[in-house]
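This report describes selected local features of a protein model. Please read it alongside the sequence and coordinates shown below.

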Amino acid sequence: MGAPSLQDGIDQAGSPVKLLWQPDARPWLPEVVEPEYAGWRQEQDAWHSGVSISDLSHHMFDTFIEGPDATRLLTAVSANNYESFAIGQAKQFIPVTNDGLIVTDGILMRTGEQAYTLSGIPAAQNWVTYHGEKGGYDVSFVTDPSSAFRHGGDPTLFRYQVQGPLAADLIERAFAGPLPPAKFFHSIPVSLAGRNLRALRHNMAGQAGFEFIGPWADAAAVKDALMSAGESFGLIHVGAYAYASASVESGWIPSPVPAIYTDPDLHDYRTYLPLFGIEGKRPLNGSFFSEDIEDYYCSPYELGYGRSIFFNHDFIGRAALEKAKGNVRRAKVTLVFDPGDVRKTVGADTGFLLTYARHRVQAGSALAGLTYQTATIDPAGTILSLTLIDKQYAEPGTAVTVVWGEHPGPGTAPDADLGFPRIRATVQPAPYDQHARAQYRRNA
C-alpha cells in the first residue's frame with residue numbers, strides 16, 4: 001500500500017477544513033538561519049536605514065524544468081506572458097484552476113531557451129509537474145526541496161539578498177564598481193571572489209538591492225565577500241523573524257490556500273498529491289471559521305497579479321479569468337492596528353508577533369475581509385496585517401476592527417459569539433512601504 005494521498009486525508013477527516021484546521025498553529029519561519037542575529041528590530045530597520053543581507057538558500061523548493069516542451073507546458077498551465085520572457089528574467093508565476101482561482105504562486109526564472117527554475121513553496125511546482133507528466137510533455141523535472149525536507153544535504157543553489165539604502169554602495173565595494181544596469185526582476189551574469197553567479201534585481205521590502213544566485217559550492221566564498229564588503233557600511237544579517245515579516249511591508253501574501261480541494265475534475269490531482277505535503281499540512285486558523293474551504297480561495301486579481309495576466313495564449317482557467325477581470329470583489333490592503341488596542345489585547349510588550357491566521361475584519365457588524373499575514377513592524381510602531389477586504393472598505397483611512405482570537409473549528413458554529421476582543425485598525429495601501437509602492441517596479 002502506497003503513502004496516503006491528499007484525497008485520502010480529506011476522505012478520512014470528512015472535509016478539507018477538518019483536515020487543515022489547527023487553532024493556535026505556530027507560524028512558519030525560514031529554516032536553518034537563526035531567528036535573530038542583531039535582534040529583529042535592528043534587522044527590520046536595516047533595510048530601511050542601512051543595508052541588510054538575507055540568506056534565502058534554505059527555505060524554498062526549487063524545481064528545475066527543462067526539455068523541448070518546457071515553454072509549451074508552462075504556457076498551458078499559467079497566465080504569464082511567455083512572448084516577452086528573456087533568458088535571465090524572473091516572473092511571479094500565476095497558475096490558476098479552471099475556475100480562475102490561484103493554485104499558489106512562485107518565482108519562475110528562465111535560465112535557457114527551454115529551461116526554467118520554479119522556486120517557492122511546492123504547491124505550484126506540484127501543479128506543473130502533474131500536468132507535465134499527465135500531458136505527455138517532453139520535459140524533465142528535478143526538484144531540490146527546502147532544507148527542512150532535504151535530510152541534511154546541501155542546497156543546489158545559494159541565494160543572498162542584499163537590500164537597503166546603502167545596498168548600492170556595498171555592491172560597488174564588493175564588485176569594485178557598480179553593476180551593469182538591470183531591469184526589475186531581470187538578472188545579469190557577474191563574478192565575485194572568482195566565482196560566477198547571477199545578480200537578480202529583486203528584494204522583499206521595496207528597498208534597493210539584488211539577489212545573488214549561484215551553485216552551492218560557491219556559497220561560502222560569495223557570502224564572505226559580501227559580508228566583508230559590508231563591514232564599513234554596518235551590514236546587518238537578517239534572521240528568520242525579520243525576514244518572515246518583510247512580505248507584510250512589501251504587500252506579498254505568502255502561500256494562499258490552493259483552490260484544489262473541491263473541484264470534482266481535480267479528484268485525480270488530489271489523488272496524485274501526497275497527504276504529507278504543503279496541500280495537506282499547511283494549517284488554517286484564526287477567528288474566521290467556515291466549513292466551506294472555498295471561502296478561503298483567492299483570485300490572482302485580488303492578490304494584485306492583474307498586471308502579470310496575459311490572454312495571448314490558451315491556458316487552464318483563461319475563460320474564468322477573462323470573465324472575472326472586471327468583477328473583482330476584494331482588494332489587497334494593509335491594516336494598521338491601533339497601538340493602544342494592541343497593548344490592551346496582545347500585551348504591553350508584545351515582542352515579535354507573527355501569524356498567518358485568517359482573522360475576521362469587520363466594518364460595524366458586517367464581515368469586511370480576512371487577514372492573511374500579520375506581524376509586528378517596528379519601524380511602523382505597531383502591528384500591520386496584509387488583508388483582502390471588500391472593495392467598499394478598501395479606501396485608505398477607512399476604520400475597521402479585527403476580531404482577535406482562535407475559533408476552535410469544527411463542532412462550534414462559525415458565527416458563535418466567543419467573546420473575542422476587537423482591535424481597531426485603519427486601512428492603508430499595500431504595499432505599505434511607500435518606496436515599494438512608488439519605486440519598486442521602476443524601470444520594470
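The text covers a group of paired strands, a charged surface patch, a buried loop residue and some backbone exceptions.

**Strand E4 and its partners**

The model is a predicted one. Strand E4 spans residues 106-112, and five of its seven residues are buried. On one side of the pairing list is strand E3 (residues 90-93), which pairs with E4 in the antiparallel sense over four bridges. Within this pairing, Lys-91 stands opposite Leu-108 of E4. Strand E5 (residues 115-120) also runs antiparallel to E4, and five bridges join the two. Here Ile-107 has Ser-119 in E5 as its bridge partner. The connection from E4 to E5 is a hairpin through two residues. In a regular strand, side chains alternate between the two faces of the sheet.

**Acidic residues**

A negative surface patch is made up of Asp-99, Asp-265, Asp-292, Glu-294 and Asp-295. One of its members, Asp-295, sits in the loop between helix H10 (278-281) and helix H11 (318-324). Asp-295 counts as partly exposed because its relative accessibility is 37%, a value in between the 20% and 50% cut-offs.

Is Asp-218 buried or exposed? Asp-218 counts as buried, because its relative accessibility is 17% and the limit for a buried residue is under 20%. Asp-218 lies in the loop between strand E10 (209-215) and helix H7 (219-230). Asn-196 is 22 residues away from Asp-218 in sequence, and their C-alpha atoms are 8.5 Å apart in space.

**Backbone exceptions**

Most residues other than glycine have a negative phi, and most peptide bonds are trans. Two residues with a positive phi are listed here with their loop positions and relative accessible areas.

| Residue | Phi | Loop between | Relative accessible area |
|---|---|---|---|
| Asp-24 | about 60° | helix H2 (16-20) and helix H3 (40-49) | 58% |
| Ala-176 | near 60° | helix H6 (167-174) and strand E8 (187-192) | 76% |

Asp-24 is exposed because its relative accessible area of 58% lies over the 50% cut-off. Ala-176 is likewise exposed, with a relative accessible area of 76%.

Which two residues does a cis peptide bond join? The bond lies between Ala-430 and Pro-431, with omega of about 5°. Pro-431 is placed in the loop between strand E18 (422-428) and helix H13 (434-438).

How values were computed:
Residues are numbered from 1 along each chain as its sequence is written. This is a predicted model: local features need pLDDT of at least 70, side-chain atom pairs count only at pLDDT 80 or more; totals for chains, interfaces and linings use all residues. Side-chain values use heavy atoms; hydrogens and water are left out. Buried means under 20% relative accessible area, exposed over 50%, partly exposed in between (1.4 Å probe, protein chains only). Two strands pair if DSSP finds at least two bridges between them. Patches are made of residues with over 30% relative accessible area and no salt bridge: like charges are joined within 9 Å, nonpolar side chains (Val, Leu, Ile, Met, Phe, Trp, Tyr) within 5 Å. Accessible areas come from the Shrake-Rupley method with a 1.4 Å probe; for residues, only the protein chains shown count as cover. A salt bridge is a side-chain nitrogen of Lys or Arg within 4 Å of a carboxyl oxygen of Asp or Glu. Lys and Arg count as positive and Asp and Glu as negative; His and the chain ends are not counted. The place of a charge is taken as NZ of Lys, CZ of Arg, CG of Asp or CD of Glu.
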